Amino acid sequence: MARDYVSYAEGLNTKKSWSLYERASKVMPGGASSHGQCYPVFDPYPLTFEKGRGSHIWDADGNEYIDFILSMGPCILGHCHPTLMKAAADQLKKGTAFAVLNENEVKLAELVCKIVPNAEMVRFSNSGAEATMSAIRFARAYTGKTKIIKFEGAYHGAYDQVMVGFGGVQPVGPAMARVNTPVSWGVPEEVLSTVIQLPWNDLSVVEKTLKRRSHEIAAIITEPVLMNIGTVLPEEGYLNGLQELCHKYDVVFILDEVISGFRLALGGAQEYFNLRPDLATYAKALGAGFPISAITGKREIMENVVPGKMMHSGTYNANPLVVTAALASLTELSRNNGAIYKHLNKIGTMLMEGLQDAVDETKTKGMVQGIGSGGCQLYFTDRKKISNYKDFFSTDSTKYMKFHKQLLKRGVYFHPQQYEHLFVCTAHTEKDVDTAVSSAREVLKQLA
Ligand SMILES: Cc1ncc(COP(=O)(O)O)c(C=O)c1O
């Protein structure tokens, strides 16, 4: 049904975004190719972006923004990084898909095994979801057990086995007795029953569960920092505690580094928090904007990923285009012993501290949580700290949407949803952050 044009954010010309969405809605359910890219995530319709350079992006109507979303994390080198573009362009001339081993794939595997602490072996695929899905299968095959523990508020991709209880539903009841809810129509009951959901940042509840049920639990899967409900940091010793419990109860420890990998540090959260998970998964910053993911792990598990044992397959897995891009991205990130991370850390910390100052100066009910190069999030809440999914329910998402729209009008792109996360890239400058912070201050004053 045709609707009249309304600006995405009053005063901003977004006519072309609107008309593309009208057309898209006629031929694509929800007018998009991913739930994260359609209404009501973006209200009343998604913006359409046309071009990116460095830390800036332009929408279809020609409005320019400083980008703190970076395609939901991947573009750690900013948009159109020249080294990455040249490597990809050179490969384009040679071919993009042969579906067999290629030289850059071998070089990339060697580099990943050098950089990632637990990587005795690695397999590549295309998306974060494929990587976590395969890691869960490997854990099940290795242990001969079926169930997995996942944490409330964590996201590991859009497939049945993990689409449980993360869909705007507040966890109720005691942690050990919560009922799993499907996030989508079509998730079989049988699959729901393979997932044990626990609150994050509480080791005692994990230990109690393992004591009773470790005989049926194949794996614990966790993000090292929950970055799909803003930025929720682990309590001191929590991640190491999880790792120890996994060893004690013969459960595979899967660290989902799809966001944190090659971002918190060159060696990701494993390096940052000194962890050695049995398996780990990577995607976003690995390809820096190209679709590639990886599963790394201990040889004892990974050497079983061969025909007749653990299945892992895909036509586009490690195609020459994406491995060439990932090789260029990791080479760039590794330059001068990872000096780039100093800049990322500085920019990320400036953004976090600047936003917190803006919150304090305007006496806004809110606070900012973050982790250097990992980025941050501003929460509208009375709480002093968000430690888990339940805490996250105290936050005001309607206010965040208003905040996002007012920032857009000032040329600053934050995501419309508070459960997302603010990312920084190597192309961000101090000036970019100053602009974002002073714009945030103005908007917070207005919203007060
Ligand atoms: C921690 C984490 N794991 C897995 C995924 C799934 O990755 P993809 O969207 O590439 O399938 C995401 C996506 O945002 C994620 O944040």
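**Helix 7 and its strands**

I looked up helix 7 first, in what is a predicted model. Helix 7, residues 238–248, lies across strand 5 (147–151), strand 7 and strand 8. I noted its direction relative to strand 8 as about 145°.

I then followed strands 7 and 8 themselves. Strand 7 covers residues 217–222 and strand 8 covers residues 252–257; the two run parallel and are joined by four bridges. For the register I recorded that Thr222 of the pairing faces Leu255 in strand 8.

**The seven-stranded sheet**

Which strand order does the open sheet of seven strands have? I read it as 4-10-9-8-7-5-6, with mixed pairing. I marked strand 4 (121–125) and strand 6 (195–198) as the edges: each has a single partner strand, so one side of each is left without a neighbour in the sheet. From one strand to the next, I find an average twist of 20°.

**The ligand site**

I listed the residues that surround the ligand. They are Ser127, Gly128, Ala129, Tyr155, His156, Gly157, Glu223, Asn228, Asp256, Val258, Ile259 and Lys284. By class, I count four nonpolar, five polar and three charged residues in this shell. Asp256 belongs to this shell and also falls within the range of strand 8, residues 252–257.

Which atoms of the ligand lie close to polar atoms of Gly128, Asn228 and Asp256? For Gly128, I found a backbone N or O atom 2.9 Å from an oxygen atom of the ligand. For Asn228, a polar side-chain atom lies 3.0 Å from a ligand oxygen atom. For Asp256, a polar side-chain atom is 2.7 Å from a nitrogen atom of the ligand. I also noted the cover: of the 390 Å² of accessible area that the ligand has on its own, the protein covers 81%.

**The four-stranded sheet**

I next examined an open sheet of four strands, ordered 1-2-3-13, again with mixed pairing. Here strand 1 (49–53) and strand 13 (412–413) stand at the edges; each has a single partner strand, so one side of each lacks a neighbour in the sheet.

Inside this sheet I checked strand 2 (residues 56–59) against strand 3 (residues 64–67). Three bridges connect them, and the pairing is antiparallel. Trp58 stands opposite Glu64 in strand 3.

**Backbone geometry in two loops**

I looked up the peptide bonds that precede Pro40 and Pro44. The bond from Tyr39 to Pro40 is cis, with omega near 5°. The bond joining Asp43 and Pro44 is cis as well, with omega about 15°. I place Pro40 in the loop between helix 1 (15–27) and strand 1, and Pro44 is likewise in the loop between helix 1 and strand 1.

Where does Ser71 lie? I find Ser71 in the loop between strand 3 and helix 2 (82–94). Its phi is near 60°, a positive value in a residue other than glycine.

**Leu447**

My last entry concerns Leu447, which is found in helix 15, residues 430–447. Which residues does Leu447 touch, if those up to four places away in sequence are not counted? I recorded Lys399, Lys402 and Phe403. For Lys399, I added the separation from Leu447: 48 residues in sequence, and 8.1 Å in space from C-alpha to C-alpha.

Definitions and conventions. Residues are numbered from 1 along each chain as its sequence is written. This is a predicted model: local features need pLDDT of at least 70, side-chain atom pairs count only at pLDDT 80 or more; totals for chains, interfaces and linings use all residues. Side-chain values use heavy atoms; hydrogens and water are left out. A residue is near a molecule or strand if one of its heavy atoms lies within 4 Å of it. A polar contact is a pair of N or O atoms within 3.5 Å; within protein, one must be able to donate a hydrogen and the other to accept it, and residues adjacent in sequence count only if both atoms are side-chain atoms. Accessible areas come from the Shrake-Rupley method with a 1.4 Å probe; for residues, only the protein chains shown count as cover. Ala, Val, Leu, Ile, Met, Phe, Trp, Tyr, Cys and Pro count as nonpolar, Asp, Glu, Lys and Arg as charged, and the others, Gly among them, as polar. Two strands pair if DSSP finds at least two bridges between them. Axes are lines fitted to C-alpha atoms, for helices over the stretch in contact, and angles run from 0 to 180 degrees between N-to-C directions. Contact means heavy atoms within 4.5 Å.
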